[in-house]
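Welcome, and thanks for opening the viewer. Could you set up a cartoon view and get your selection tool ready?

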Amino acid sequence: MSFAWAKQYEPKNDFTKWIDEKLPLPRLVYNAVGAGYPVPRNLNYMWNFGVLAGFCLMIQIITGVILAMHYAANTEVAFATTEHIMRNVNSGWLMRYAHANGASFFFIVIYLHIFRGLYYSSYKAPREMIWLLGVVIFLLMMATAFMGYVLPWGQMSFWGAKVITGLFGAIPLVGESLQTWLLGGFAPDNAALNRFFSLHFLLPFVIAGVVILHIWALHIPGSSNPTGIEVKKESDTVPFHPYYTAKDGFGLGIFLLAFTFMVFFLPNMLGHPDNYIEANPLSTPALIVPEWYFLPFYAILRAFTDDLTIPFTGIVLIQAKLLGVIAMFGSILVWFILPWLDKSPVRSGHYRPMFKKFFWFGLIPCMALLTYCGGAPAEQPYVLLSQIATAYYFLHFLVILPIVSQIEVPKPLPYSITESVLGSDDAAPGNSASSGAKGAGEAGSLQPAE
Amino acid sequence: MSIRLGAIIAGLGIVGILFFWSLLPGAINYAPPEKPDYYAFKEKPIAPEGGFSFEGPFGKWDNAQLQRGYQVYKEVCAACHGLKFVAFRNLSELGYSEAEVQAEAANWTVPGIDPNTGETTTRPGKPTDQFPSPFANDVAAAAANNNAIPPDLSLMTKARKDGTNYVYSLLAGYGEADPEIAATVPEFETPAGLYFNKYFSNVNIAMAPPIVIDGQVTYADGTEATVNQMSADVAAFLTWTAEPTLVKRKQTGWPVLGFLLFATILAYLSKKQIWAGLKPKKK
């Protein structure tokens, strides 16, 4: 599971020896995130977001469990108990703001983590399973976040729930029955609120379980790195602890500074004012928008404005709503086949000139445009813009990526990770062992400074 | 290869459907929506002169202003609007003493139960009671107000964009439509029973101007009660009712940020030291 030179866990005293015999949990931790896990030495700060995502999950579970102690999932009192938390529970306002903004920061972190993976092609063999499990985690997160937003039972909670559960109604034949069955009624009401609360409490622990699988799968090939070339030898790696625990510690500090700044000074900036109005099934908000992290997918959903008909006959093959639903789910499901669409032998976008251009000037502006259009009303010019962006989104993954990976001429790769960091590697062909032995060789040793 | 070929075909298919059935018809019939007439009049909320004391990262409540705002709420707004998430005991946060809070609560009439007969009745408020709703239910509220239900004000400043300034602007912003703008949209008129207010979402609001003349409220602290002053004071008070922990939140934030900044600097320095041995040495 690990490299031959990985340090071995050695219990120091009788107690740890006893534990190691009965339940080698310290050994597991040592091998997973301790000195026993050799990691490429060249990871940049984009590799911090995995650890940060795990930290976000912890924030959400801890604050969420505390909130659940004071919240009641009943349409009569849900809004009032939320205000009770804000006003009467000691530090309840802090728990709730941390939980609400924690969700947003979780998504910021996860999007950076995903797009890191896309740029450096972390999804490629031998790491496909890590990527697939990651997409599963993302889907679970979306379901959890959606149901969590319904719980305060404000106007956006109610109408968001109505719009999203209404999507199931688009499925032919069984759609409406399915929607009624899922909601436990014809519209979101007490039955729906109760099951959403139940699932919102359950799913984070399911996520935690898949996260364990995600990390397990990671430790089989080991971490990827910005050059995309595989680890060859010991000087390519450093032990996770203390090197990356220190680096992640600094990243965590920066993250917490940004997070607490939002919680304490701008806690409602990412929310919608309408959610401070209690749910009212008789009054539709002027503009129903989901939370910001769903906006790109919401824009894809709404990009399909017309039914698919047979021209000049008026026969409807697929309704516009169903097309939108298929495209919205398809836009994430397409990530599942990504490892087999991108056949370029080079992983890192750094060495792929064509891929790099499509990533920075295609995919990233496309996502930004989709986010913007998702929050705008369904009118021109936003509809046209979201249609263009949606078209590019699918072209990028399904057409451009396979073709680019076929025709692109990648830049030359460094011989090893060591060479990419130090500028030379004694073991590289054409590099005599004597020339760099004193300079780079010593610097490459694994001893931390005193 | 086959999976990539399939993907390319599927991708072109999706984009083809999107392009020929949705994008193209939309582009051919391209028409940006026409804004309703009232958009010509709408204005963004403005801040009162000098702003509010609780704004900004170091903001603090101005208790005198909150007490004045409470007085305006009690004498003007409370006739139609409730404050159901606020309890009388919370008034102690505005600087009232315990005795004053008790006396203040007793001034209000809240629903109760007759201890002898068990019948519903009313009784004077106690500090533990919430502010009573002025109407028995929504039907009564609608019947008394030309079918418009006066909303509860507890969370009003959080339930509107730029809420504090919105409440201030709305209260102080009643008036006639600008005749110059009105000339550009001749169809526009304010329906009977509604009132023109350029800060309201569709500029015609059902609420009659609540604060109409200077001196409508006689302030206990002697402040001159202009329309702007009363509007600003009640906007401040409603900001407090919407988030009583606002100032505490900001005050808690500073030590947290300070500690984290210190911890982050330490984390940076230790990271730097740990990694120092790995950096290529310069000759």
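One cut-off will help on this tour: a residue counts as buried if 20 or more other C-beta atoms lie within 10 Å of its own. Keep in mind, too, that this is a predicted model.

**Stop one: a loop residue.** Select A:Val346, which sits in the loop between helix H13 (338-341) and H14 of chain A. Is A:Val346 buried or exposed? A:Val346 is buried because 21 other C-beta atoms lie within 10 Å. Now add its contacts to the selection: leaving out residues up to four places away in sequence, A:Val346 touches A:Gly228, A:Tyr351, A:Arg352, A:Pro410 and A:Leu413. Try a distance label on one of these pairs: A:Val346 and A:Pro410 are 64 residues apart along the chain, yet their C-alpha atoms are separated by 7.1 Å.

**Stop two: the helix after the loop.** Select residues 353-374 of chain A, which form helix H14. Its 22 residues reach 31 Å from first C-alpha to last, close to the 32 Å expected at 1.5 Å a residue. Centre on A:Phe359, where H14(A) bends by about 35°. Next, colour the buried residues of H14(A), among them A:Phe355, A:Phe358, A:Leu369 and A:Leu370. Show helix H11 (295-303) and helix H15 (382-407) of chain A as well, since they are included in what covers those buried residues.

**Stop three: where the chains meet.** Zoom out and select the contact, which takes 56 residues from chain B and 56 residues from chain A. On the chain B side, helix H1 (2-28) and helix H8 (246-276) are the elements that give two or more residues. Colour that side by class and you will find 35 nonpolar, 11 polar and 10 charged residues.

Technical notes:
Residues are numbered from 1 along each chain as its sequence is written. Chains are lettered from A and ligands numbered from 1 in the order in which they are written. This is a predicted model: local features need pLDDT of at least 70, side-chain atom pairs count only at pLDDT 80 or more; totals for chains, interfaces and linings use all residues. Two residues are in contact if their C-beta atoms, placed from the backbone, lie within 7 Å. Helices (H or I, at least four residues) and strands (E, at least two) are DSSP runs, numbered from the N terminus. Ala, Val, Leu, Ile, Met, Phe, Trp, Tyr, Cys and Pro count as nonpolar, Asp, Glu, Lys and Arg as charged, and the others, Gly among them, as polar. The expected span of a helix is 1.5 Å times one less than its number of residues. The bend at a residue is the angle between axes fitted to the seven residues ending there and the seven starting there. A residue is buried if 20 or more other C-beta atoms lie within 10 Å of its own, exposed if 12 or fewer, and partly exposed in between; C-beta atoms are placed from the backbone.
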